[in-house]
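Student: I've got a model open and some labels on it that I'd like to pin down. Can we go through them one at a time?

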Amino acid sequence: ITGEETQFGTPIVSLTMKDGKITEVSIDEITGDTTKKAMGDQYKMSDSAIDTWANQIAFLEKYLLEHDVNEIQTDENGKAEDQDLLSGCTIQIENYLKTVRKAMNEAR
């Protein structure tokens, strides 16, 4: 499922569900003519970032397997409010969450 384009790119989400819960999820983002996962460490974030984009997305993906996406709150900047999630993912996630919800609705 493709999400809404932002200044950072266009999110892509694929997921598998069982009994209404996410059992597998992959989040990526189209940027230019490639994706951020394909770029790996070549995709640069600011020096103040806590980790690479790929590692932060991996943290979010794992978090989504253990928590209901509808319970994840974001602040006015689109970042997680939950301290457990923020401990490994400080990037803006609101658009990713919207795309995950869209994919879940289509999977049902």
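Student: How do you know that β2 and β3 pair, and in which sense?

Tutor: Two strands pair if DSSP finds at least two bridges between them. β2 and β3 have two bridges, in the antiparallel sense, so they meet that cut-off. Ile30 stands opposite Thr35 in β3. Before going on: this is a predicted model, where local features need pLDDT of at least 70, side-chain atom pairs count only at pLDDT 80 or more, and totals for chains, interfaces and linings use all residues. Residues are numbered from 1 along each chain as its sequence is written, and side-chain values use heavy atoms, with hydrogens and water left out.

Student: What makes β1 and β3 edge strands?

Tutor: Each pairs on one side only. The open sheet runs in the order β1-β2-β3, with antiparallel pairing.

Student: Why is the set with Ile27 and Leu60 called a nonpolar core?

Tutor: The term covers buried (under 20% relative accessible area, 1.4 Å probe, protein chains only) Ala, Val, Leu, Ile, Met, Phe, Trp, Tyr and Cys residues joined through side-chain atoms within 4.5 Å. This largest core has 22 residues, and Ile27, Leu60, Leu64, Ile93 and Val100 are those with the most contacts inside it. β1, β2, α2 and α4 each supply at least two of its residues.

Student: What is Ile93 in contact with, leaving aside neighbours within four places in sequence?

Tutor: Contact means heavy atoms within 4.5 Å. Ile93 has such contacts with Leu60, Ile72, Thr74, Gly78, Ala80 and Leu85.

Conventions:
Buried means under 20% relative accessible area, exposed over 50%, partly exposed in between (1.4 Å probe, protein chains only). Helices (H or I, at least four residues) and strands (E, at least two) are DSSP runs, numbered from the N terminus.
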